[in-house]
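The following questions and answers examine one protein fold from its secondary structure to its side-chain contacts. Please consult the sequence and the structure while reading.

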Amino acid sequence: MTRRASIELAGTTPAGWSRREQPGTDLAFEGPISIDGTDTTVRVVVEPGGESIETASLRLMKELQLAHPDALLVNCELWPHPQWGDGRYIQSAHLDGMLTLAHDVYLFVDRGRTIRIEVDCALSQLLLIEETVATIVARLRRTSGARR
């Protein structure tokens, strides 16, 4: 079941990227496929949550570790958003067979909601797409009909 979007992208979708329907998300994009055939996806999920950004980011890091115990948590840093303020950018990577996959999450807390923007791609693809992904993240906005 696709959720009713409470988030929209201001402006046009970047070249080489397309919106796609994905169950359980508020908004999803598909980007360029890596040289090894791995899909590049960006998923946006908005959930109720009254916790602080610190608590939300610690919970997320624990979830990532449970999902992939062998994963390498590479980075957790502050990431500002023009509408939601300071959030977190959490980078991790894990092996899937012979491929190393990146799983990055931009996390924000706004008005009692947690906004989670997840990026999945081949690690070798990450440097090629990170500027475009950062632009997508910065251009995400609450829709006018979103709950406050």
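Q: In which strand is Ser92 found?
A: This is a predicted model, and the assignment is made on its coordinates. Strand β6 covers residues 85-96. Ser92 is found in strand β6.

Q: Is Ser92 buried or exposed?
A: A residue counts as buried when its relative accessible area is under 20%. The relative accessibility of Ser92 is 7%, so Ser92 counts as buried.

Q: Which residues is Ser92 in contact with, leaving aside its neighbours within four places in sequence?
A: Contact here requires heavy atoms within 4.5 Å. With the neighbours within four places in sequence left aside, the list includes His103 and Asp104. The full set is Leu64, Leu72, Leu73, Val74, Leu101, Ala102, His103 and Asp104.

Q: Which residue in β6 does Leu73 stand opposite?
A: β5 and β6 pair in the antiparallel sense over nine bridges. The two strands form a hairpin, with three residues between them. In this pairing, the residue opposite Leu73 is Ser92.

Q: How far apart in space are Ser92 and Ala10, C-alpha to C-alpha?
A: In sequence, Ser92 and Ala10 are 82 residues apart. In space, their C-alpha to C-alpha distance is 27 Å.

Q: In what order do the seven strands of the open sheet lie?
A: The pairing in this sheet is antiparallel. The edge strands, each pairing on one side only, are β2 (18-19) and β5 (72-81). From one edge to the other, the order is β2-β3-β4-β8-β7-β6-β5.

Q: How many bridges join strand β4 to strand β8?
A: Strand β4 comprises residues 41-48 and strand β8 residues 113-122, and the two run antiparallel. Within these strands, Thr41 stands opposite Asp120. The number of bridges joining β4 to β8 is eight.

Q: What angle does the direction of helix α1 make with that of β6?
A: Helix α1 (residues 53-67) packs on the sheet. The strands that helix α1 touches are β5, β6, β7 (99-110) and β8. Its direction makes an angle with that of β6 of about 5°.

Q: Which residues does Ser57 touch, not counting residues up to four places away in sequence?
A: Ser57 has its place in helix α1. Its relative accessibility is 4%, so Ser57 counts as buried. Beyond four places in sequence, Ser57 touches Arg88, Ile90 and Leu107.

Q: At what angle to β8 does helix α2 run?
A: Helix α2 spans residues 123-139. This helix lies across β3 (27-30), β4, β5, β6, β7 and β8. Relative to β8, helix α2 runs at about 150°.

Q: How many aromatic pairs does a search of the whole structure find, and what is the angle between the planes of Trp79 and Tyr89?
A: The search finds four aromatic pairs. In one of them, Trp79 and Tyr89 lie 5.1 Å apart, centre to centre, and the pair is tilted. Trp79 belongs to strand β5 and Tyr89 to strand β6, 10 residues apart. The angle between the planes is 55°.

Q: Which parts of the chain does the pair of Trp79 and Tyr106 tie together?
A: Trp79 and Tyr106 form an edge-to-face pair, at 5.2 Å centre to centre and 75° between the planes. The pair ties together parts that are 27 residues apart in sequence, because Trp79 and Tyr106 lie in strand β5 and strand β7.

Q: Which residues form one aromatic cluster?
A: Tyr89 is buried, with a relative accessible area of 5%, and Tyr106 counts as buried at 2%. Trp79, by contrast, counts as partly exposed at 22% relative accessibility. The aromatic cluster is formed by Trp79, Tyr89 and Tyr106.

Q: What is the radius of gyration of the protein?
A: The secondary structure comes to two helices and nine strands. The globule rule gives 15 Å for 148 residues, and the value for this protein is close to that, so the protein is as compact as a globular protein of that length. The radius of gyration is 15 Å.

Conventions. Residues numbered from 1 in each chain as written. Predicted model: local features only at pLDDT ≥ 70, side-chain atom pairs only at ≥ 80, totals over all residues. Heavy atoms only, no water. Pairing = 2+ DSSP bridges. Helix = DSSP H or I, 4+ residues; strand = E, 2+ residues; numbered from the N terminus. Axes fitted to C-alpha atoms, helices over the stretch in contact; angles between N-to-C directions. Phe/Tyr/Trp six-rings, centres within 6.5 Å; stacked < 30°, edge-to-face > 60°. Buried < 20%, exposed > 50% of the residue type's maximum accessible area, 1.4 Å probe, protein only. Rg over C-alpha atoms; globule rule 2.2 N^0.38 Å.
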